[in-house]
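Visitor: I'm new to this structure and would like a close look at one part of it. Could you take me through the salt bridges, and then show me what else the side chains are doing?

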Amino acid sequence: MKEKQSHYDYIIVGAGSAGCALAYRLSRESSRRVLLLEAGGKDSFPVIHIPLGFAFLMKNPKVNWCYETEPEPNMHNRRMSWPRGKVLGGTSCINGMVYIRGQRQDYDNWAGLGNSGWSYQNVLPYFKRSEHKAEGDNEYHGRGGPLWVEGVPPEEKLELADLFVQAAVQTGLPYNEDFNGADQEGAGDYQLNICKGRRQSTARTYLKLCENRPNLTIVTGALTQRILMENGVATGVEYQVAKPKGASTLERASTTGEVILCGGVINSPQLLELSGIGQRERLEPLGIEIKQDLPGVGENLQDHLTVNVQQGLHGVRTFYEETRPLAMIKNLFKYLFRRRGLLAHPAAQVGVFFRTGDEQATPDAQIHFAPAASEADAKGNLKTRPGTTATVCHLRPESRGSVHIRSADPAAAPAIRANYLDTENDRRAIISAVRRVREIFAAPALDSYRDKEFLPGADVQSDEEILSYIRAEAESVYHPVGTCKMGNDDMAVVDERLRVHGVKGLRVADASIMPNVVSGNTNAPAIMIAEKCADMVLQDAGVRVHLPAGASHSPSTPGKKQSRQADAATVD
């Protein structure tokens, strides 16, 4: 292998949802040289850009790491599928394109844990700065940002989606015209990262705007092996670049500025551990020299567990009718020539946020509604049938898991233990959530169309039977967070400015820093984290930064509770 070296002001590891946003913001400062490393390839695979194409990307190793958990003890020892994007744009290239930020209370909780500058009031300006809301800006939404956000186009709305919202309202829930506005509770349309029938990943939005900047270098096929450190300071990274015919080169990039990890909930803790930052008792037996003993690396893993309720229907169009041979041909032509029709659909057009019990102050369950139902044929292949699916997840699980490396090999997948349904509250909440979905399907709005329930089926009624069904059939809804959590306690990995405790010049900026998972989809919050991190990085380098109106950060000098963290490195 041939070894190369180069120097940059900022090295970003991971060009996913957060990495692309961070590269865009940091490279706007033309005096700074930025390196963006991505282990996957370019986002040139055509299916990525077709909204409904996500259904064909969940197990495609060309663009997906195709991770699995260890056997889950509370889920009949099943290995759960955890797709993660392996491409420029990361998981924003394979997700369902639903734009949800979470609740005001989520971020106020982060701040209440001692993370100054992370309250809802502090982060809202970064959500607004990141987005271009097609319908216009207001108190909660921005216009002119890189990320396209819009509601479901009226011409693309299926009648069944409106019927489901009506049914939810008939159960006593409010109609909500903006889940990202003043309040999240209720039923309504999702906002989407789709523009004119094409997926709006961070590669297509943020990265497209900056990829030709002379001070930004983007390297794909680059698997980062370790963070280089000297005397407690991150000085660069070592990475292997794949070449044609199976060859590769080992390259090094150095910095007197910062290394910023944007590998996500799995790869960021993995790289920290490979670099000797983590639990001493776990890393030393693997032959890894400890550079910083941080017990929280890889811990605090949280995810949303989701379970399907499938309802048979008649007399109303679903994906079953749209995927019949003649209708499918029409949909293909409609998409090719007008970017409309079935292929322009997201994972869900409408949804519901509700409380699983009166003791909940805010919604703790979410429904993604899809006008489609499926069953497996004799060969195990899924085929559509006349019906619909509401998949429901518990938003604030108490269960905690972990992500840890198995060996010192950077190419080896780490061990993922989600530890789903580990608490009585988590079990109670998801049982209650399934019952609420059934209540919605039983509402008068669907009386003229209702057939039998496909899943879990009429014979599943007691709490014990519902829980057994959940253990056998529930899956991840792909919202894992928390493995490099932000805070100042003994299990925190980064401080409130996202600097790794005890290491100069090293930060983490992705969903892994969340102390607690947000109440909803996690792509928009990951982008917000990168937006906020960019300003803090530039501030700490002595660059004059114009913060978005209303934004604020914690001071750049660590406080008493952050004594493990040295002052951040600055760029001359």
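Guide: Let's begin with a yardstick: a residue counts as buried under 20% relative accessible area, as exposed over 50%, and as partly exposed in between. By that rule Arg 428, at 28% relative accessibility, is partly exposed. Keep in mind that we're looking at a predicted model.

Arg 428 has a salt-bridge partner, Glu 359, with their closest N and O atoms 3.4 Å apart. Glu 359 sits in the loop between E19 and E20, while Arg 428 belongs to helix H10 (residues 424-441), so this pair ties together parts 69 residues apart in sequence. Unlike its partner, Glu 359 is exposed, with a relative accessible area of 53%.

Another salt bridge starts from that loop too. Arg 355, in the loop between strand E19 (350-354) and strand E20 (365-370), pairs with Glu 185, in the loop between helix H4 (159-170) and strand E8 (186-189), so parts 170 residues apart in sequence are tied together. Here the N to O distance is 3.0 Å. Glu 185 counts as buried at 15% relative accessibility, whereas Arg 355 is partly exposed with a relative accessible area of 34%.

Then there's Glu 284 with Arg 280, whose closest N and O atoms are 3.0 Å apart. Glu 284 is partly exposed at 43% relative accessibility, and Arg 280 is partly exposed at 37%.

Zoom out and the structure holds 30 salt bridges. Some share partners: Glu 258, Asp 495, Arg 497, Arg 499, Arg 507 and Asp 540 are joined into one network this way.

Charges also meet rings here. The charged end of Lys 86 sits over the ring of Trp 65, 4.6 Å from its centre. Lys 532 lies over the face of Trp 118, at 5.0 Å from the ring centre.

Trp 118 brings us to the rings themselves, since ring pairs link Tyr 107, Trp 110, Trp 118 and Phe 127 into a cluster.

A search of the whole structure turns up ten aromatic pairs. One of them joins Tyr 24 and Tyr 206, with ring centres 5.5 Å apart and planes at 75°, so the pair is edge-to-face. Tyr 24 is in helix H1 (residues 17-26) and Tyr 206 in helix H5 (residues 203-210), so the pair ties together parts 182 residues apart in sequence. Both Tyr 24 and Tyr 206 are buried.

Definitions and conventions
Residues are numbered from 1 along each chain as its sequence is written. This is a predicted model: local features need pLDDT of at least 70, side-chain atom pairs count only at pLDDT 80 or more; totals for chains, interfaces and linings use all residues. Side-chain values use heavy atoms; hydrogens and water are left out. Rings of Phe, Tyr and Trp (its six-membered ring) pair if their centres lie within 6.5 Å; planes under 30 degrees apart count as stacked, over 60 as edge-to-face and the rest as tilted. Helices (H or I, at least four residues) and strands (E, at least two) are DSSP runs, numbered from the N terminus. Buried means under 20% relative accessible area, exposed over 50%, partly exposed in between (1.4 Å probe, protein chains only). A charge sits over a ring if NZ of Lys or CZ of Arg is within 6 Å of the ring centre and within 35 degrees of the ring normal. A salt bridge is a side-chain nitrogen of Lys or Arg within 4 Å of a carboxyl oxygen of Asp or Glu.
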